[in-house]
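User: I'm new to this structure and would like a close look at one part. Could you walk me through the place where the two chains meet?

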Amino acid sequence: MPNVMELQEVEVWDGNMAASHALRQAQIDVVAAYPITPSTPIVQNYGSFVSNGYIDGEFVLVESEHAAMSGCVGAAAAGGRVATATSSQGFALMIEVLYQASGMRLPIVLNLVNRALASPLNIHGDHSDMYLGRDAGWINLNTCNPQEAYDFNLMAFRIAEDMAVRIPTIVNQDGFLCSHTAQNVRPLSDEVAYNFIGDYQSKNPLLDFDKPATYGAQAEEDWHFEHKAQLHNTLMHSDIAIQKVFDEFFDLTARRYNIVETYDTKDAEVVIFALGTTVESARVAAKNVRELGIKAGVVTIRVFRPFPYVKLGEILKDFKAVAIMDKSLPAGAMGALFNEVAASLYQVQDSKHPVLSNYIYGLGERDLTQVDLVKIYQELDANAKAAKLTHPTQQFIGLRGPKLSFC
Amino acid sequence: MVNEVKNLKQFSKSAEKFEGAHLLCPGCAHGMIIREVLNVVDGPLVLGNSTGCVEVSTAVYPYTSWDVPWIHIGFENGSTAVAGVEAMYRALAKKGKYNGQRPKFVAFGGDGSTYDIGFQWISGCFERGHDMTYICLDNEVYANTGGQRSSSTPIGASTSTTPAGKVSYGKKERKKDILFVMAAHGSPYVAQVAPNKWKDMNKKIKQAIETEGPTFINAMSACTTEWKFDSNQTVEVSDLAVDSLVFPLFEIINGVEVRITYRPKNIIPVRDYLGAQGRFKHLFKPENEYILEQFQKNVNDRWEYLQRREEAKV
Ligand SMILES: Cc1ncc(C[n+]2csc(CCOP(=O)(O)OP(=O)(O)O)c2C)c(N)n1
Ligand code: SF4
């Protein structure tokens with residue numbers, strides 16, 4: 001192992017720097033990458049670690065994101081640890097290869113720094129890109145701040161490389177709000193981090209010339225379905241391995257993560273369900289509206305794929321009203337998150353369902369303020385008291401012009 | 001394992017790494033070229049393949065024709081898949097995690113995936129200097145999807161997207177000159193081969209694979225189905241292609257030095273080559289006669305150009 005970097009107990013890192021250090025500590029064999037705002041600094045920081053001898057692997061600076069993921073697939077099939085990073089349009093260009101990577105069950109780790117999709121061109125953060133790749137058969141993890149961007153990157157290798165999983169994994173962080181916002185981060189030392197992740201043991205590598213492997217075969221109607229079903233099945237059951245890694249990370253760091261996480265929900269009647277940095281804003285709002293007599297809480301999930309339908313449904317069913325916050329707009333539909341959360345309630349054997357409403361917010365990083373969040377809690381409270389929807393099911397926050405709503 | 005094929009009898013026995021069971025059409029030249037590549041490589045070899053006739057006829061789950069490590073990702077990225085493997089080899093060798101013999105890395109693509117959709121990926125790999133050989137199986141058409149034009153399709157060919165008709169003589173544009181484009185990347189070795197001239201092909205492929213850095217081979221691959229000739233005519237049609245100088249055999253060293261490796265004793269007219277294939281049948285109508293002349297002129301000009309480049313050594 002090359003040079004060990006001396007880290008302080010507390011480092012002031014933004015989300016990108018936190019991710020870069022985690023990738024460095026994982027001692028990845030091959031990174032193939034291409035820059036795009038806001039994930040560019042991950043690649044740049046990594047480049048400086050390479051230039052200064054802290055990385056011993058190969059850093060392949062390809063000509064596009066499609067090539068980045070293609071190189072990652074070839075490298076991972078060859079039999080070593082592989083990672084990359086991207087955002088938005090870059091992720092869109094990669095999508096074809098995402099399916100190929102998961103189909104080949106290659107444990108690649110991808111940092112997706114979430115950003116809006118053109119047109120119109122917008123470099124700022126929303127979750128549109130995350131939904132673009134959600135069905136590609138990758139595990140998707142969600143983080144709220146730089147500390148978590150660091151922690152989840154370390155854990156992502158453990159999860160992806162688990163022999164019972166072997167599924168590529170995405171770590172999502174919010175563009176700018178996390179990626180470019182510096183906070184105190186408590187890193188592990190290089191040795192402790194590496195020991196937590198462990199050495200990578202590849203299976204059927206291309207570089208094994210005694211047992212030549214064929215990667216990426218064709219399978220028509222006689223086998224294709226079985227391959228896809230097998231991937232789905234493993235993905236759906238990967239929650240066990242994921243929680244195990246969360247638990248071991250807790251033992252090591254005292255930082256607790258769960259597949260579904262709740263804040264102040266013990267006696268809550270109304271909750272906001274959100275992903276990413278919005279979770280922290282919603283917690284502040286929940287605390288404040290409690291002073292107004294609203295029994296408010298917050299729920300989030302750390303694992304967007306596999307979607308934790310049952311766990312989430314069990315937790316949500318007892319509230320009176322739930323707002324589902326979508327930071328993307330699937331054109332012509334209810335919010336993507338809304339649809340999945342609503343489906344989770346039908347996974348539990350209970351006729352009692354909360355009143356659900358859908359808020360579309362933050363597209364192209366339009367501000368979501370505390371005033372907005374307080375208003376949402378008040379509307380939820382009205383829904384709860386009336387035991388039905390008192391406002392349209394789908395609303396847009398902070399949108400100028402004609403009032404848009406659905407239902 | 002056979003390393004140097006000295007005669008055709010030996011060639012016919014030397015298919016240990018590419019099993020007989022594949023689904024290429026009878027008479028397809030792709031298979032001949034692949035066998036030759038596998039014959040000339042000494043030691044460990046990793047192959048990458050882009051989507052196309054070869055991929056769909058050699059790796060149909062749960063079967064595989066390949067007795068060497070082989071990877072296919074998509075239509076455009078066979079080159080980068082191999083570059084990824086090569087990068088991983090370097091990383092693992094550096095870290096002492098791979099201790100075996102240094103492998104050879106070869107990527108195959110059809111002309112569609114080479115001249116068109118995959119061109120950017122190949123260009124990137126060559127610019128970055130990966131130690132690999134890219135081999136284009138050039139049948140001048142998208143065969144796997146049913147015969148659409150590519151930028152390698154020659155002028156006048158009738159394809160399923162440029163069909164000859166009442167007001168069209170087929171494809172309007174000339175074939176892209178991929179050899180010089182690849183040479184311009186500064187590649188140490190670029191060559192054009194044809195499987196009927198198998199000793200020349202054998203030598204060039206060996207040289208390409210043994211040369212360090214990114215090297216390129218354009219292999220003429222006659223396609224019985226889309227060129228429309230009988231499946232026992234592959235070698236004859238290939239001979240016509242080479243002897244009419246439609247497919248001149250040459251190499252380019254270090255990006256500049258052109259060497260012609262085969263000069264036909266009797267150069268035959270281009271129309272003999274075109275006339276042997278269904279895809280050019282319509283060119284022999286009186287109203288299309290000028291395209292035949294144009295084709296012949298293009299071939300003459302290019303031959304002249306190659307000879308001058310050879311003489312000039314620059
Ligand atoms: C991104 C993408 N676009 C289109 C296709 C469809 N497709 C598969 S093979 C092929 C043509 C292959 O032609 P070529 O590369 O010349 O190889 P050949 O089949 O002629 O050997 C096409 C268009 C695809 N698989 N992927
Ligand atoms: S269509 Fe042409 S290139 Fe494809 S397998 Fe048949 S002969 Fe070969």
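Analyst: Here is a tour of the interface between chain A and chain B, followed by the ligand. A little housekeeping comes before that: residues are numbered from 1 along each chain as its sequence is written, while chains are lettered from A and ligands numbered from 1 in the order in which they are written. This is a predicted model, so local features need pLDDT of at least 70 and side-chain atom pairs count only at pLDDT 80 or more, though totals for chains, interfaces and linings use all residues, and side-chain values use heavy atoms, with hydrogens and water left out.

Let's start with the overall meeting. On chain A, 43 residues are in contact with 42 residues of chain B (contact means heavy atoms within 4.5 Å). Between them the two chains bury about 3,300 Å², and 62% of that is on carbon and sulfur atoms; buried area is the accessible area (1.4 Å probe) that two parts lose on being put together, summed over both. Leu207(A), Phe209(A) and Gln218(A) supply 20% of the area that chain A buries against chain B, more than any other three residues.

Now for the charged and polar links. There are five salt bridges between chain A and chain B, a salt bridge being a side-chain nitrogen of Lys or Arg within 4 Å of a carboxyl oxygen of Asp or Glu. In the one between Arg90(B) and Glu58(A), the closest N and O atoms are 2.6 Å apart.

Which elements of chain A do the touching? β3 (58–61), α3 (65–78), α4 (88–103) and β9 (214–215) each supply at least two residues of the side that touches chain B, and α3(A) gives the largest share, nine residues. Helices (H or I, at least four residues) and strands (E, at least two) are DSSP runs, numbered from the N terminus.

One of those strands also pairs across the chains: β9(A) runs parallel to β2 (residues 70–72) of chain B, over two bridges (strands pair if DSSP finds at least two bridges between them). In this pairing, Tyr215(A) stands opposite Ile71(B).

Finally, the ligand. Ligand 1 lies between chains A and B, and 18 residues surround it, the closest being His30(B), Cys53(B), Gly112(B), Val141(B) and Ala143(B); a residue is near a molecule if one of its heavy atoms lies within 4 Å of it. Val141(B) also has a polar backbone atom 2.9 Å from an oxygen atom of ligand 1. For Ser113(B), a backbone N or O atom lies 3.0 Å from a ligand 1 oxygen.

Note on methods:
A polar contact is a pair of N or O atoms within 3.5 Å; within protein, one must be able to donate a hydrogen and the other to accept it, and residues adjacent in sequence count only if both atoms are side-chain atoms.
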